Number of protein chains: 2
Amino acid sequence: MAASSIKHCLAGDVPAGSTVTVQGWVRTRRDSKAGFSFLTVSDGSCFDPIQVVARAELDNYASEIQKLSPGCSVRCTGELVESRGRGQAFEIQADSVEVMGWVEDPDTYPIQPKQHSFEFLRDVGHLRPRTNTFGAVTRVRNAAAHAIHRFFHERGYYWINTPIITGSDAEGAGNMFRVSTLDMANLPRTDAGDIDFGKDFFGRETFLTVSGQLNVEAYCLSMSNVYTFGPTFRAENSNTTRHLAEFWMVEPEVAFADLDDLANLAETFLKYVFEAVLAECPDDMAFFAQRIEPTAIERLESVIKAPFVRVDYAEAIEILQASGKTFEYSPEWGLDLQTEHERYLTEVHFKAPVIVLNYPTEIKAFYMRLSDDERTVAAMDVLAPGIGEIIGGAQREERLDVLERRMDELGLDKEGYDWYIDLRRYGTVPHAGFGLGFERLVSYITGMSNIRDAIPYPRVPGRADF
Amino acid sequence: MAASSIKHCLAGDVPAGSTVTVQGWVRTRRDSKAGFSFLTVSDGSCFDPIQVVARAELDNYASEIQKLSPGCSVRCTGELVESRGRGQAFEIQADSVEVMGWVEDPDTYPIQPKQHSFEFLRDVGHLRPRTNTFGAVTRVRNAAAHAIHRFFHERGYYWINTPIITGSDAEGAGNMFRVSTLDMANLPRTDAGDIDFGKDFFGRETFLTVSGQLNVEAYCLSMSNVYTFGPTFRAENSNTTRHLAEFWMVEPEVAFADLDDLANLAETFLKYVFEAVLAECPDDMAFFAQRIEPTAIERLESVIKAPFVRVDYAEAIEILQASGKTFEYSPEWGLDLQTEHERYLTEVHFKAPVIVLNYPTEIKAFYMRLSDDERTVAAMDVLAPGIGEIIGGAQREERLDVLERRMDELGLDKEGYDWYIDLRRYGTVPHAGFGLGFERLVSYITGMSNIRDAIPYPRVPGRADF
C-alpha cells in the first residue's frame, strides 16, 4: 500500500482506525517489560515523530525490532489509533515493521537522541537534518522561500534569473570570486606579459555576481514589476557568524515607484512572509521559542502587528546623539549606522520596526537617486527588533545626466556599464528596489544566531560542501 | 491615483467607465486626421498593449504627444471604455498623457515596431524584453518556474538550496569552472612547485556545481521528499543552440521510491507544468503558435492528454533496429540514444511521450542502481515529441557495498565522496530522482529553438551579461 506522510497521520488527515503505512528513520526505541517496543519514527514531514507500538508477537520482534537503534530506516504498517499517552493524538499499532536500512555501528552513529552542539553538527552536516533543530530549520526555510515567491507572484511580479557569472561588479567593490577555465599551471600571456583573459571561457575576465540588481533593472524597465531570488557571492574573509561567502538574495525592482512606495512594499513583504511561516510551521516555531530564542514567535508577531516607523537618517542621527547612551561608535551625520545604533532605534527608542530614509550620498552606491541638494540619496534600510538591518534598498538614479556625472565623480569605468546607462536613454522612469539576504531572514525567524545554521550545507572556509 | 496594470484593464477586471491610470512604454503612435492620436502602451503585464486615445484638446498634444515615439515612457489617465475597433475589448480615452521619459534619438532606438532577427535582439538584450517575443518568453518562463515550485510545495517537497561553489564533481566528468580568489598574476606555490590551493579562499580547489543531486540526497535521506531548483554550470565549449554554460536545473529526490515511482512523478510533473502555462499564459502561447512554432500549443496539449509509454532500453534498441530507417548513428545495445533515435521513438513509433528505462551500466553514472544481472542500471529518460530527452533520472545505488565496488571499478577517489558513501551506512533506503534543464523546458514550451532565447540574459561566449 502507498505510504502516508507522518504529518498527515498526526494532523488527523487520515481517519483513526485506518490501516496506514509510514516510512522513516527511527529516533528512539523503548522496550516495555509487558512485551512491547515503542518506536518513534520521523520522515521529516513535520516536527514530531510518530509513535509506533510493536508487539512481541511480530515475526521479527526478537530478530530485528529489538535491535533497532536511532537512524535505522523502517517501513511500518498498522492501525492508526488515538494515542492514550500524553503528547500526540495518534499512534500506530504495528502489524509489521520492515527494516529497510541498519545503522552500521550504532555506537558511532553521530545523531544520538541527545543534545549536540551546533559546532559538532556542522561537522556532520549530511546527517544534521535528522535532528529536531535542523529539520525545523529546513521546514521554516522552505516555508519562507515559498512565501517569498507567492508574495511576488500574487502581485504580478516576474521572477527573473539574473546571471551568476558576470563581467561586472554591481557594487563597484572588490571581494569577488573569479570564475575561470584557464589552466592555472600554465597561464596564457599577452605579448605584454599579462594574463590573457581573452583565452578564458568567455573571452574576458569573469566573476561570480554580488547582486542581480543592475541586471534586473533592465527587465524592470520593460516588464514593470520583477524580482530576483538566487545565489550571490562575496569573497570577504570575515569569518563571522553573520556573513556567508555564498547566500541567496531576494531583490524586487519596481517601475514607476519612489522611495515611499518601496518602503511600503518592504513592510507588506516582511509581514506577509512572517505570517506565512507562523501559519505553516507552528510546531517548528514553538520549538525555536522553547529551545533557541524565547522571543522567536513574539517578535515576528509584533513585526506583523506594528506599523513600521519611518524616520529620516538625519533625524535618526539626532535621536542617537540625544539618547545619552554611550555607543562604541559615536553616531555622526555622514557615517553609516552600526548595528548598535540600529538596534537602539528599533528596540529602545521606537520599540517598533523602523525604516530609515535618505542616507548621505558619500556612503551609498552610485546608482541611488540623488536628492535636490545632493547631500543625500533616496536610500532606505529596514531595521527589525533583535537584529537591526534586514532589508536595504533605494530609488534608482533614472536621470541619464545625473547618473553619468555621479559615475564620473566616482571614477567608475562607464564602458562596463554601457547597457545600464543606455536604459536611461530609452523611456527612463522612476524605479526602486530592495535587497534581502535570505539566510539572514531565516536566521532572524528561527533565532539560529550563527548564519551557518541557516543554510542547508554548513559551508565554512576549508570545506566547500559538508 | 494608483495605477492599474494593463492586464487588469484589458481583462475586464476594472469596470468600464472607471477612470484609470496606466503606466508603460509606447509601442506605436498613429495620428488620425480627425485630430486624435492613438497610442499603444505596454507595461509588460500581459501580451497586448492597451490603446490610448489622445485628443488634440490635451494641453501637451502638439508639444509632446505628437512627438512620442516607440520606447517613450508615459503615464496616461482617462476613462476605460469599451473599444469600438476590432481586437481589444477596452481602450482608454485619455484626460492626460504625461511623458515620463523620452527616447534620446528615435531613429537609433533599437526596438522599432517591426520584426527583428533574434540574433540582432541578442545584441540588445537589455531592451529585448520590450518586444512581443521576449515579453512572452519572460511571462511563460515565470509561469513555468512558479508552477514547478507549486507542484512540489503542494506535494510536501522541501526546496533545498544546494551549494553552488563545491569541492566535488557530481558527474565524475571534467568541464567545470574553477572558482578562486588567488592572485593569478602571483600564484602561491607549494614547496614542490604546484599551485597552493591551500591558500585559496576555501583552503582547497573549488568549482561551480554541475548538479545539486549528490548534495540533495543527504536531505532526501532525512526529509524524504526534497528538490533543488537553482543554477548549474558546464564549461563545455559546445557553442550550439542547445547548450548553455549556465542554466537552472530542477532536481527532485524522493525517498522510499523506485524507478517506477520516479517515472510516474516525472509524468505527473510535466503535465502539471504544461497545464499551468497553457492556463496562465494563453495569449503568449497563442503568439508562439502563430509566429514561432505552429504546434506549440498542440504538442503541450497532447503531452497533457497522452499516457506516457514505458519501454525498456533494450526494447527501444530493437524497435529502432527493426524500423528500417537509416539513422546517422546506428542504434546498438550499449550505445546511448541519439536525438534522432529519441525523436523516432516518440514522434514516429509510439506517437506519444516515451519513458525509456534501464540503460546499460557502462554509459551511466556510478550512483545509479545496478540491476541484478549488472548489465543495466535503473536509469530513465523522458522523451517528448519535438525535442527528445527532456528529463533524465535514476534510482540511486543505496547499497553500501555495491556503491563502493562501483566506485572502485571506475577508479573514483572515494575520499572526496566520504559523506555521500556515509549516507549508506546510516539507515539507507531506496531513493530516486531526476533532473530537468529549465531553459530546455522553456525552449520546448515556447518553441524558441535557440536556447539563448530562453534565458533572460542572452549570454554568449565573450559577453557575460548582455
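Accessible areas are obtained by the Shrake-Rupley method with a 1.4 Å probe, and for residues only the protein chains shown count as cover. On this basis, chain A exposes about 17,900 Å², of which carbon and sulfur atoms supply 46%.

The structure is a predicted model, in which local features need pLDDT of at least 70, side-chain atom pairs count only at pLDDT 80 or more, and totals for chains, interfaces and linings use all residues. Residues are numbered from 1 along each chain as its sequence is written, and side-chain values use heavy atoms, with hydrogens and water left out.

**Chain A**

| Property of chain A | Value |
|---|---|
| Box filled by the C-alpha atoms, along the principal axes | roughly 85 × 60 × 45 Å |
| Buried share (under 20% relative accessible area, 1.4 Å probe, protein chains only) of the 466 residues | 61% |
| Share of contacts with a separation of 6 or more that join residues 24 or more positions apart (contact: heavy atoms within 4.5 Å) | 67% |

The secondary structure of chain A comprises 12 helices and 16 strands; these are DSSP runs, helices being H or I of at least four residues and strands E of at least two. Chain A carries 46 positive and 70 negative side chains, and the centres of the two sets lie 6 Å apart. Lys and Arg count as positive and Asp and Glu as negative, while His and the chain ends are not counted.

**Relation of the copies**

A turn of 180 degrees and a shift of 0.0 Å along the axis lay chain B on chain A with an RMSD of 0.0 Å, by least squares on the C-alpha atoms of residues with pLDDT of at least 70 in both. That is the relation of a two-fold axis. In chain B, the C-alpha nearest the axis belongs to Val179(B), 2.5 Å from it. The same surface serves both copies, as 99% of the contact residues of chain B recur in chain A.

Note on methods: Chains are lettered from A and ligands numbered from 1 in the order in which they are written. Buried means under 20% relative accessible area, exposed over 50%, partly exposed in between (1.4 Å probe, protein chains only). The place of a charge is taken as NZ of Lys, CZ of Arg, CG of Asp or CD of Glu.
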